[in-house]
Amino acid sequence: MIVGGGFGGLALAKNLKNAPVDVLMLDKHNYHTFQPLLYQVAIGSIAADSIGFPIRRIFTKFDNFTFNMAEVQKINPESNTLTTNIGEIHYDYLVIATGSNSNFFGNKQIEHFAMPMKNIPEALNLRSLILQNLETALVTADMREKFALMTYVVVGGGPTGVELSGALAEMRHMILMKDYHGLSKYDMRVYLVEGKDRLLATMSPQASAKAKQFLTHDEVTIYNSAHVQSYDGFYLTIDNGKTIKTRNVFWAAGVIGEMPGGIPAEIITKGNRIQTDEANRVKGCQNIFAIGDVSSMITENYPAGLPGVAPVAIQQGEWLAKNLVHLIKGESTVPFKYHDKGTLATIGRNKAVADLDKLHFQGFFAWILWGVVHLMSLAGFSNKGMVFLTWVINYFNKNSDNRLVVRYFNTETREMSNDSNDPGRSSRC
Ligand SMILES: Cc1cc2nc3c(=O)[nH]c(=O)nc-3n(C[C@H](O)[C@H](O)[C@H](O)COP(=O)(O)OP(=O)(O)OC[C@H]3O[C@@H](n4cnc5c(N)ncnc54)[C@H](O)[C@@H]3O)c2cc1C
């Protein structure tokens, strides 16, 4: 039983293809999400469908694989069952691969008003908000409101925050005055707020410095060593003394493990992750395993746990497939070793940073490499083709065709609606 069809869950199921096991995968969505390109959906560069792929389609040719769309609510280790929204399900071996969710550090007000970007529906919320705020900015007579609608604050200077703020800056330079006649790019502001003293803190100092240089050149205002204190939907306060009036706050400041109930509290560690041993076995359990973002595997080289990135989830999924076969044969498991192939982050057109082992480079070649790696990693031939073609068209047009407000994001209810009247806006001015 695999709960979660993300990077880890898919890698595990694929590697069990010829194993003497029956695999049942449960996921609350019927598709896999390629999270690294969510920001391009949010900014309207590529279509939402091109970064999701139906899980059933991936396993068409697998005889030992079954999928059910179901949300797991609780794990019951004492009876080897799961409580789900489609009923109670038995397992022999359970693998938890449920990933992570946005971390608002307990601040309920920020959680209510800021926009997270962890899945396709949330990326579409961002897309609608960005675009509907520009439409409103065009027609509002209130200058204070107009600037707030055109001010974008990205919180978190990791790869996601850097990529999103870079894409917003690019939209200001290339698209705003071309398509939104009446709006000036000088009225649109992009801020990036990061708690650490440098951007891309998990990458090399060279990559951090270059990312900052690229973003500063594109007129993104960067606040380092700064923490957002509050946001009420209009005023955002930061502990460096700044207050920004904005209708657009995008949250990329961190993640916490996402898991169903039933996991004993004593094995849930920092970041809401489940402690495992080096074979991904959940501490204190015989037949329950956890992989990817939801797991915390502490090793000699990674005393704070392995990083929450796709390669860790994929490699753990592949490795666990081997270990499960060992277990079924009555053999002992082999400890997992993470092979870090490097990190890439893009800042915009022709601009990216790359750390590959001891090799650090930035600019056009890093950008090409980022594109190739992301295209190759996308699930589905049609998605690869669609994204590649869209990128080529966007590159030469210096524009994009996916800027649709299909449904409105209601800033009061925080949900999508077909109603263009937003009751929350005027009352919060
Ligand atoms: C915006 C963004 C950009 C990123 N960019 C990069 C990048 O460039 N490079 C990189 O290496 N990593 C990147 N990451 C991190 C990477 O996406 C994660 O590390 C990776 O997805 C973890 O894989 P996973 O299998 O653990 O979980 P996920 O891929 O998140 O999959 C978890 C699955 O579990 C399902 N699920 C959750 N709870 C339940 C439940 N209760 N019942 C049923 N199903 C459930 C979810 O629907 C989901 O399909 C990015 C993440 C984000 C959000």
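Here a student and a tutor talk through the terms used for this predicted model.

Student: What makes a local feature or a side-chain atom pair count in this predicted model?

Tutor: Local features need pLDDT of at least 70 and side-chain atom pairs pLDDT 80 or more, while totals for chains, interfaces and linings use all residues. Residues are numbered from 1 along each chain as its sequence is written, and side-chain values use heavy atoms, with hydrogens and water left out.

Student: How do you know what radius of gyration a compact globule of 429 residues would have?

Tutor: The rule is 2.2 Å times the number of residues to the power 0.38, with the radius taken over C-alpha atoms. For 429 residues that gives a value near 22 Å, and the chain has 22 Å, so the two agree. As for the box around the C-alpha atoms, it is roughly 70 × 50 × 40 Å along the principal axes.

Student: What makes helix α1 "mostly covered"?

Tutor: Buried means under 20% relative accessible area (exposed is over 50%, partly exposed in between; 1.4 Å probe, protein chains only). In α1, residues 7-15, 7 of the 9 residues are buried, among them Phe7, Leu10 and Leu12. Over the chain, 52% of the 429 residues count as buried.

Student: How many helices and strands are there, and what makes a run count as one?

Tutor: They are DSSP runs numbered from the N terminus: H or I of at least four residues for a helix, E of at least two for a strand. On that basis the chain has 12 helices and 28 strands.

Student: Why do we say that β6 and β7 pair?

Tutor: Pairing takes at least two DSSP bridges between two strands. β6 (residues 72-76) and β7 (residues 81-84) have 4 bridges in the antiparallel sense, so they pair. One of the partnerships is isoleucine 75 with leucine 82. The two strands form a hairpin with 4 residues between them, and asparagine 80 in the turn has a positive phi of about 50°.

Student: Which strand does β7 also join?

Tutor: β8 (residues 87-90), antiparallel and again through 4 bridges. Threonine 81 stands opposite histidine 90 there, and this hairpin has 2 residues between its strands.

Student: What makes β5 and β22 edge strands?

Tutor: The open sheet runs β5-β2-β1-β9-β22 with parallel pairing. β5 (65-69) and β22 (288-290) each pair on one side only, and that puts them at the edges. β5 pairs with β2 (residues 23-27) over 5 bridges, with leucine 24 partnered by threonine 66.
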